[in-house]
Amino acid sequence: MNTKSYFFQSFAIVALAFIAFVGFKQILPDKIFSDSKVDSKNVLIDSLLLESVAKDSLSEKSDSILRKEQKLTKGKITFDATEGIEFPAEVFDDYKGFQYLISFYDKLYQLENNPQSKVRIAYYGDSMTDGDLIVQDVRNNYQERFGGNGVGFVSITSESAASRGSIKAVYSKNWKTQSYLNVKNPISPFGVNGHVFFANDTKNTTWISFEAGPKKFSTSLDNPTLYYGRSSKKGNVNFIIGKDTLRKSLTPNNLVNTLKVTSGSVKAFKANFIHADSIPIYGFNFDSGTGVHVDNFSQRGNSGLPISIFNADVMKSFNNTLKYDLVILHYGTNVLNYGTKNYFWYQKGMTKVVNKIKESFPGVSILIVSTADKSTKYDLEMKTDSAVVPLMNAQKTYALETESGFVNLYTLMGGDGSMVKWVSDSPSKANKDYTHFNQRGAKEIGNLLYNQLNQGYEKYKALREKRDGPSKKKTVRKTNADSVSVIKDSVNE
Amino acid sequence: MITSNSINNWFVQNFGTITTEQIIGWFVYNPEEKLLFNTGLFLGLFLVFYFVYAFLRKTFYLRLTYVILFSLFFYYKSSGIYFLLLLLSSVVDYGLSQVIYNEKSNNRKKIYLVISVILNLGLLGYFKYMNFMIVTFNDLFSGNYVLHNVFLPVGISFYTFQSMSYIIEIYREEIKPTKNYIEYLFFVSFFPQLVAGPIVRAKDFLPQIYQKLNLTRQDVNNGLFLIIGGLIKKTVISNYISVNFVDRVFDTPMTYTSFENLMASYGYAIQIYCDFSGYSDMAIGIALLLGFKLPANFRTPYKSTSITDFWRRWHISLSTWLKDFLYISIGGNREGTFAGYLFPSLFFFGLVLWGMANVNESYIPLGIAIGSIALFCLTFLLSGKRKQTAVTNFNLFTTMLLGGLWHGAGAQFIIWGALHGLALAVHKIFMEFFPSKKESKGPGFLWRFFSIVITFHFVVFCWIFFRARDFETALQVINNIGQLTFEPEQWQVIILGYKNVFLLMLFGYVWHFLPEGFTTTLKSVFDKTPLVLKAVVLGFVYWIVYATAVAGSQPFIYFQF
């Protein structure tokens, strides 16, 4: 055999292989792995979202809507004064809508002057806020500045209970759970968290236990209170705190009923439900009674649309005791994957959602948080998904149309291509799915969110002082100095 | 008729238009796009390089210089300006090795050797361990030292070790130094093994430089077979399952079910094997095409029947390096040395401190600490040759601790090394009590099967520490798996949800556990295929690599149970 020159045969093989590759590329399909279709029975999918996609994705905007939107997106956005306060005009590109948060800012202002009052925020979200990510950081910022202790309202079961660090919840396996994500007609109406739970306690006891986490401002469970709904039958619950057992009866007479576990604060407790299987259970509230409280109502797979099936009367009953001042809607991740860039159907659906919230929580301020950046592979490169910007614009449009505040998370985190950077940063700030943030990234997002809200608050205070004229108090003069720098900031933008 | 225009059109259709910017991009360092063997750019560059190389096969220094220049370019594409570091350290090491070789006095030889070891390890230490040490110091003594913004040059762990082997072998008079710097630089910078091993030993490699360059048909067959296997292992199996499953679970283990955590652990075991051995195979294959034989690095390690066996089959070039230069240097099985006792003592001391620190919350950490010390002591106290076994085990443990640390700067790598070190010691004492019968047919099938299963699961358990971002995450994964209950319906749903991932995992494991005879048959069929058909097979594998690389990641699935 000719051993001397096998180099050229070797080269020939590698080179011919390259030509063969070019040939294969032309005749074989582009992708080797099909996207596997998953049996939807066991997978969390937002049924309302699927319906809307099927029904409305083809609907086109009518000419009149288009014209109206063009006017919105092109011209200046001016505001009418609320209680004598009018924020400067904005442009669509940089819309924040602080004007529509004035009632919330007013409550914060009252809290700042009277530490005994309170402010409550409901934070609705999807898997981005799972395990209290982002929300715990927003909460922490508020409690640090305005006071308040406790993690707020907590559901019974949750897919993300194990990953939640701010409070530890362990529960028996026999809870029956209904979620607004995939149930249209629940046995009893959904609670403020979009869920309703039933203690399936005929055979074994149904229980849940809570333990405070190590996080600042939530190292104890303050005034733990059970929330439950209406039923024809009564039931009992045993609260076990340390070695003591407190037996209490559940009287489900009203749409929403509350039962205090104990006054003051405990480290941990367990609740055993007895003969309570017909009573809708909603969850427990942990708050110190003063300061700011932020409830995390996250649900994996949620598009936000299911909120539209809330029962307004039940929500009003919740609001009677919880008294919300701000509702945050943080959605988008789950509507990015449908291959469409026309989000008119979503805009319409979410407008209904905002209206439902206005009806349920009268006078509440509403804040829309846009989708974050998300990357998809195009050819061989990860880039911002082409649906992100159209979705973000749709979210901005319905925020503006429904007179809600708006946080543009996409630009806040760096805009085009930022998710790729967050993932590749060292240490990384987002997961390899190029969608979800990790603890570190979530903290940064929480701070960005809080900073924008707070920026609005500082502007509000400056405007309020201008309205009230030169003040006499010394303390106010101090803030006056602050407000000068704030005004400067706003000029810089 | 084919006009130049139509050729141009065809080209644009298939490859897109090529801009000057792109062409510059091929030759300029880009931290986002490392030059890996499994990229199209490498294939293109290699084709051009190889063509010229074939013409230079009869020259000597011209060929060496040509390969060195390509190697330096290859390294520059991976690490940018740090290719200068490679050059600098090679100049220093070459100089020191000459001094050691020419020095007559043994004491002075030793001094120069120590200088060179300190320099090499110092360099490695600065780039790889500086921040780890600062963080550890800050944690322990609540210090406030600022972290250095250090870039970790690719492959520094590999070429440092390779360079050290050259000097130590000269010191031990096992080899003669190269005739000049060019030959030495060729050995250190040889691009196939430069960034990810195998760690080639001077005494295996240097003689090949001086042989007449020869490439047989069999070499090419072997090389191509390795490259094909390596490409499939690395780009198809490893990359796909890591991006679409394993990474996600290890990012946030608590948001996944116990079964998903368990599967991610199995998935990681096959992923790291395919990633590492696949890349090694490609390196060995490419070297073969250039006419150089590098040692095998992996021999189906998960078929091991004991942990000792595992270390003879896993990353062989590293474990023999550690054995020859670390284990033997600190005394081997002959004598106890200060270093041999220092590291295990420090480790166990740290373990007890950790147990004490957590005693308020749980006694388990302290129990683990005391238990592992007791276990380690028992491995030599129970032995017949107590003193010698103690020395051996301490030195072995040191080797594994430092070997663990070599893989990365982090406590979890030390834990990983310690677990393996402990297991090696335990296996030793076990063998002393139950020696395997040599003359009979060997252990029965059931026993063998049982040993493989136990060893495999221990290795997978240790990989959890290796993969997890930090110690806490590793514990989360283990805790989560601990809560596994038998729910076949749930498992089925998960498996169907991640169908591609699980199929690839299965493929990886089946391939791994195939009898050797099967692979040999496959190889001999491949050897006999005509040249053109081989090219077609290779081309098809290129396409598989391409099609996998193009595949977007599988969208997120949230199961509801």
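**Exercise 1. In which order do the five strands of the open parallel sheet in chain A lie?**

Before we start, some ground rules: this is a predicted model, where local features need pLDDT of at least 70, side-chain atom pairs count only at pLDDT 80 or more, and totals for chains, interfaces and linings use all residues. Residues are numbered from 1 along each chain as its sequence is written, while chains are lettered from A and ligands numbered from 1 in the order in which they are written.

*Solution.*
- Step 1: The order is 17-3-18-19-22, with parallel pairing. Strands here are DSSP runs (E, at least two residues) and helices likewise (H or I, at least four), numbered from the N terminus; two strands pair if DSSP finds at least two bridges between them.
- Step 2: Now find the edges. Strand 17 (291-298) and strand 22 (405-407) of chain A each pair on one side only.
- Step 3: From one strand to the next, the twist averages 20°. Angles run from 0 to 180 degrees between N-to-C directions, and axes are lines fitted to C-alpha atoms, for helices over the stretch in contact.
- Step 4: Zoom in on one pair. Strand 18 (residues 326-330) and strand 19 (residues 365-369) of chain A are joined by five bridges, and A:Leu329 has A:Ile368 as its bridge partner in strand 19 of chain A.
- Step 5: Add the helix. Helix 4 (residues 102-113) of chain A packs on the sheet and touches strand 3 (118-125), strand 18 and strand 19 of chain A; its direction makes about 140° with that of strand 3 of chain A. Contact means C-beta atoms, placed from the backbone, within 7 Å.

**Exercise 2. Which strands stand at the edges of the antiparallel sheet 5-8-15-11-12 of chain A?**

*Solution.*
- Step 1: Strand 5 (167-171) and strand 12 of chain A have a single partner strand each, so one side of each lacks a neighbour in the sheet.
- Step 2: Walk inward from strand 12. Strand 11 (residues 235-241) and strand 12 (residues 244-250) of chain A pair over seven bridges, with A:Phe239 partnered by A:Leu246.
- Step 3: Look at their turn. The two strands form a hairpin with two residues between them, and A:Gly242 in the turn has a positive phi of about 60°.
- Step 4: Strand 11 of chain A also pairs with strand 15 (residues 268-274) of chain A over five bridges, where A:Val237 stands opposite A:Phe273.
- Step 5: Strand 15 of chain A meets strand 8 (residues 206-212) of chain A over six antiparallel bridges; A:Phe210 has A:Phe269 as bridge partner.

**Exercise 3. How do helix 11 and helix 12 of chain B cross?**

*Solution.*
- Step 1: The axes of helix 11 (residues 217-251) and helix 12 (residues 258-289) of chain B come within 6 Å and cross at roughly 155°.
- Step 2: The two helices of chain B are therefore roughly antiparallel. The classes are under 35 degrees for roughly parallel, over 145 for roughly antiparallel, 65 to 115 for roughly perpendicular, and oblique for the rest.
- Step 3: Their contact divides into 21 nonpolar, twelve polar and six charged residues. Ala, Val, Leu, Ile, Met, Phe, Trp, Tyr, Cys and Pro count as nonpolar, Asp, Glu, Lys and Arg as charged, and the others, Gly among them, as polar.
- Step 4: Step back to the whole chain. Chain B comes to 24 helices and zero strands.

Methods: Contact = placed C-beta atoms within 7 Å.
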